[in-house]
Amino acid sequence: MKLVWEWCRSISLLLIVFVSASLYSSDARAGNIYVVDCTTCTTIDNFKSWAGYTAAQRGIAGTYLVIGPTLSAYIRVAGQRATTCTPNGECTSYLKILSLQSISSGGANAPTDSDLANNDTELFGTTRVDKLPPVTLPENYQTSIVNSYDEEIGPGISFALVQLNINPGTVRIGTEVTVKFKDGTKATFRKISNSTEMWIWTGKAWDKDGNPINRDGSPKTNPNPPGGGFGGSVETNVPNRDGSNVVYTMTTSTKCLFRVGIFWHGVWGYWYGWLNCN
């Protein structure tokens with residue numbers, strides 16, 4: 001699988017890093033991804049517009065990862081080559097944008113700002129929307145993530161935040177918080193509204209030893225089928241126009257995991273995923 005990372009500081013600056021590895025994944029991001037910086041993007045419409053504009057300027061359709069100040073979006077840009085001609089017969093070929101779709105890291109439809117926050121958390125290892133400290137759920141709400149329900153945990157999260165002098169009503173939608181339980185399990189929850197059902201499980205949970213688990217407590221297994229795997233890493237430094245560097249790394253392990261790192265403006269961001277390996 002070949003990943004192509006493109007980091008764009010402005011329309012005139014194009015940074016592409018080719019990272020080739022013998023990886024085969026069911027992830028929808030397999031193939032070329034163009035990573036684009038957008039300092040003004042805050043809504044899905046913003047992200048779509050910038051991805052479409054950038055794709056048209058580049059003349060390249062595909063998946064664009066647009067990174068904004070606090071959120072990130074995967075925008076699938078569909079287009080086709082078209083030609084426009086002047087009365088003098090001078091013709092120019094261009095990319096005609098047909099559709100713009102916000103998707104998740106796995107390729108599913110992602111139409112809400114909460115999806116954008118989830119993308120950002122995967123990339124940077126934490127939410128950049130709001131920084132919330134981990135909370136310990138009071139026992140009278142739930143003692144474990146195993147076989148629990150959002151309806152019983154949500155109020156406990158809000159109660160725990162109040163004890164930390166944090167008003168849950170002022171926390172922005174899309175913010176995630178790590179919840180610790182009495183039995184040692186942990187899970188992350190995301191704020192989805194300011195109504196009664198304020199918090200929803202993100203699908204991420206760990207047992208007391210830090211191993212990923214499902215909601216029923218069973219171990220979370222590699223979702224990919226068996227295949228070849230390897231361990232190793234690669235790092236590429238790309239100079240910016242301002243003299244700084246953007247550093248891209250990919251690290252794989254024999255545990256069927258890989259990590260992609262991006263160092264930008266003094267901050268490391270990481271994205272983790274599964275490999276096909278025995």
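Two rings of Phe, Tyr or Trp count as a pair if their centres lie within 6.5 Å, with the six-membered ring standing in for Trp. By that yardstick, this predicted model holds three aromatic pairs. Two of them are walked through here, and the disulfides follow.

Take Trp-50 and Tyr-53 to begin with. Their ring centres sit 5.6 Å apart and the planes meet at 35°, so this pair goes down as tilted. The label follows from the cut-offs, because planes under 30 degrees apart would be stacked and those over 60 edge-to-face. Both residues belong to helix H1, which covers residues 44-58. Trp-50 and Tyr-53 are three residues apart there, or about one turn of the helix. As for solvent, Trp-50 is partly exposed, with a relative accessible area of 24%. Tyr-53 is also partly exposed, at 40%. Neither value falls in the buried class, because that class is reserved for residues under 20%.

Next come Tyr-141 and Phe-159. Here the centres are 6.0 Å apart and the planes lie at 40°, so this pair is tilted as well. The setting is not a single helix this time: Tyr-141 lies in the loop between strand E7 (135-136) and helix H3 (150-163), while Phe-159 is part of helix H3 itself. The contact therefore ties together parts that are 18 residues apart in sequence. Tyr-141 has a relative accessible area of 25% and is partly exposed. Phe-159, at 39% relative accessibility, lands in the partly exposed class too.

On to the cysteines. Searching the whole structure turns up two disulfides. One of them links Cys-38 with Cys-41, with an S to S distance of 2.1 Å. The angle about its S-S bond is 80°, and the link of Cys-38 and Cys-41 is right-handed. Both of these cysteines, Cys-38 and Cys-41, are buried.

The other disulfide runs from Cys-85 to Cys-91, S to S 1.9 Å. With 105° about the S-S bond, the link of Cys-85 and Cys-91 is right-handed. Surroundings are another matter: whereas Cys-38 and Cys-41 are buried, Cys-85 is partly exposed at 45% relative accessibility. Its partner Cys-91 is partly exposed as well, at 47%. Neither Cys-85 nor Cys-91 is classed as exposed, because that label needs a value over 50%.

Key: Residues are numbered from 1 along each chain as its sequence is written. This is a predicted model: local features need pLDDT of at least 70, side-chain atom pairs count only at pLDDT 80 or more; totals for chains, interfaces and linings use all residues. Side-chain values use heavy atoms; hydrogens and water are left out. Helices (H or I, at least four residues) and strands (E, at least two) are DSSP runs, numbered from the N terminus. Buried means under 20% relative accessible area, exposed over 50%, partly exposed in between (1.4 Å probe, protein chains only). A disulfide is a pair of cysteine sulfur atoms within 2.5 Å.
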